[in-house]
Amino acid sequence: MSNQNNQNNPNNQDNNNNNFFNNNPLLAFAIFSIVVIMLFKSFVGEGDGLGTMMSPANTKTKQVTYSEVKELIKSGEIKSVKITPSYIEAIGGSEGSFIRYTAQNVPAIDRELIPLLEEKKIKYEGVMGNGLLSELISMLLPILIFFAIWIFIAKRMQKGMGGSILGMGKNDRMVDSEKPETKFDDVAGAEEAKEEVKEIVDFLKYPERYMELGAKIPKGVLLVGPPGTGKTLLAKAVAGEASVPFFSVSGSSFIEMFVGVGASRVRDLFDQAKKAAPAIIFIDEIDAIGKSRASGANFGGNDEREQTLNQLLAEMDGFGSNTPVIVLAATNRPEILDAALLRAGRFDRQVLVDKPDYEGRLAILQVHIKDVKLSKNVDLAAIAKATAGLAGADLANIINEGALLAGRYNKKEIEQSDLMEAIERAFVGLEKKNRKINETEKKIVAYHESGHALMAELTKGATRVTKVSIIPRGLGALGYTLHLPDEENRFLKQRHELLAEIDVLLAGRAAEDVFLGEISTGAGNDLQRATDIIKAMISVYGMSDVAGLMVLEKRQHSFLDGGMAQKDYSEKMAEQIDTTVKSMLDEHYSKVKQTLRDYSPAIEKMTSVLLDVEVIEGSKVREIIKEYEEANGLESRLAHSEIVEAEEKGK
Ligand code: ADP
Ligand code: ZN
């Protein structure tokens, strides 16, 4: 987040009397410094600089006039003299009982003094600016020390919460306000969501119109959707279209350091927005403060969150519907929000900002290529097809990554191949060529991935293989088989497709089992996913005999994979589910193993090619299978035969 347009910069007098010092940090600083200096001075002693501190223990001090000092010198009473621009100090008396005569108000020029001292053979020294300097030091030193501490603390606090010192509860920086340039056109592929927020723009633009009619305007709108889908962007666009200030905060920033800070920040935020009205307040990650009190997932630290939440509720209830301030909040976990937040007059509207479909992805890509140099050969439709399941932020990233790759290859324009490589990276993490795996591991991975690939090609309903690789990638994956869906917009899956997915997932482990006679830990994730699919088929999609059509788990938000599911069934049912899951897994596993055995020469071939070149294309996989089938007069079991034909024609 940028804070260039910080409206509330500290020098800007803001007569918010509840926190005077915070709005006048310079004044606060000055007052504090003066106090410190006075303390320091009283500690050092009055009047005569550092002198008193430096004199021997048995010395009396006498204040005299300058002429008296001169008299004393003439009379031979004085042993030594110290001359500074602001005072003169003469030590008289004898061993054991020194007397120190000091005279302030020294004449600027006295041509007699030095010759006189010479004549009397009195030791003298001139201390250049001693008085003034020590005065200065005694004044500056504490200021400097104080300043250093101030900066130190301020830095730390800014890191934590962006606060200033005396007004710990206040925070000028956190409440960024800007007037975004973002327009609805910048938000692509979210047509429904845009439609739903359009009337907010109108209200912000012409508040009087609505007020005259007595219309009740929504105060809060909750933008719900997975990360990176453009919720922030949409909120900004609302402000941009209406050309009103945009106050943006993150929910988590409210509850970081000190108890009570969050609530007072909420108060400030609303105060500022009301002053700037019409305005938009945007609270990102509202779940950080709005977590359901009932969900009680965290221990301690709840008070702070609750106070903040209560303040937020109070603020939202506090302004009437004729204050044109609208609060937009974003979350990807609406199910954990406190019900109080969602009540009428608060966030009573929810707008779904979901992951884009094919058309949406194409539109988003078109927005983001505006700033880059793209070769004419780039086929955006193909990119959009290959990126099913990715959010807008991922797509923006792919374009940028593609540009970086093209730059690295020293190209003038971004080409299709750069974008495809960027997609691959987005899907499977960065290539880690430098990570060495040993030969045994390589062999295990090669068989494992060949198993996945073979099964994906032989099973109807599975997605075909795009690429198989045994080059280790990030995220702990030693190899991968990349499947990119053929058709765009797969929101629905049929039963046979889910079963196909299970077979493909099990094939990795099965290949290790059949060809190496020993299994490894590499299949853990596959098995987890296969199990999850079966469980979901039984309890969510009504696709089994155990539960029939009875839905056992309510998925409140299906777009949030792994969102909280409410279990709603008996112990006995739970047992039945477990046995069914296990028997289904066993059944599919032995079927998969049989297929792999039937095709073992093809697997051996794939594995040896993989060990040789590390990466093979999907077309190569299909070719190997076809060769084997033809050589042995087998009827082809290739599931994606139309692709095989197309590939052969293309040759
Ligand atoms: P969220 O707030 O939902 O996590 P953001 O709004 O922060 O997502 O999106 C991050 C970036 O991703 C945006 O700044 C934009 O560049 C890109 N982006 C996301 N969604 C879209 C979209 N629908 N259209 C264009 N760009 C998008
Ligand atoms: Zn696997």
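**A friendly note on the fold**

1. Let's begin just past helix 5, where Lys121 takes a positive phi of about 55 degrees. Keep in mind as you look that this is a predicted model.

2. Now step back into the helix itself. Which residues of helix 5 are buried? They are Leu113, Leu116 and Leu117. Because these three cover an arc of only 95 degrees around the axis, they sit on the same side of helix 5. A general rule helps here: an α-helix has 3.6 residues a turn, so residues three or four places apart point the same way.

3. What covers those leucines? The cover over the buried residues of helix 5 includes helix 4 (66–74), strand 2, strand 3 and strand 5. Helix 5, spanning residues 113–120, lies across strand 2 (78–83), strand 3 (88–94) and strand 5. Its direction is at about 150 degrees to strand 2.

4. Those strands belong to an open sheet of 5 strands, and you can trace the order 1-4-3-2-5 with mixed pairing. Strand 1 (59–63) and strand 5 (123–126) are the edge strands, each pairing on one side only. From one strand to the next, the twist averages 20 degrees.

5. Take a look at one edge of this sheet. Strand 1 and strand 4 (residues 97–103) run parallel and are joined by 5 bridges. To find your place there, look for Thr61, which stands opposite Arg100 in strand 4.

6. Next, pick out Val327, which is found in strand 10 (residues 325–331). Is Val327 buried or exposed? Its relative accessibility is 0%, so Val327 counts as buried, the cut-off being under 20%. Leaving aside neighbours within four places in sequence, Val327 is in contact with residues including Val221, Phe270, Ile283, Met316, Phe319 and Phe347. Ile281 is another of its contacts; Val327 and Ile281 are 46 residues apart in sequence, yet 4.7 Å apart in space, C-alpha to C-alpha.

7. Finally, visit the zinc ion (ligand 2). Which protein atoms are its donors? They are His448 (NE2), His452 (NE2) and Asp526 (OD), at 2.0 to 2.1 Å from the ion. Along the chain, the donors follow the spacing H-x3-H-x73-D. The pair His452 and Asp526 links distant parts of the chain: His452 is in helix 17 (residues 439–458) and Asp526 in helix 19 (residues 524–539), 74 residues apart.

8. How accessible are these two donors? His452 has 8% relative accessibility, so it counts as buried. Asp526 is buried too, with a relative accessible area of 10%.

Note on methods:
Residues are numbered from 1 along each chain as its sequence is written. Chains are lettered from A and ligands numbered from 1 in the order in which they are written. This is a predicted model: local features need pLDDT of at least 70, side-chain atom pairs count only at pLDDT 80 or more; totals for chains, interfaces and linings use all residues. Side-chain values use heavy atoms; hydrogens and water are left out. Donors are N, O and S atoms within 2.8 Å of the metal (3.2 Å for Na, K and Ca); water is not among the atoms, so sites may look incomplete. Helices (H or I, at least four residues) and strands (E, at least two) are DSSP runs, numbered from the N terminus. Buried means under 20% relative accessible area, exposed over 50%, partly exposed in between (1.4 Å probe, protein chains only). Two strands pair if DSSP finds at least two bridges between them. Axes are lines fitted to C-alpha atoms, for helices over the stretch in contact, and angles run from 0 to 180 degrees between N-to-C directions. Contact means heavy atoms within 4.5 Å. The arc is that of the directions from the helix axis to the C-beta atoms.
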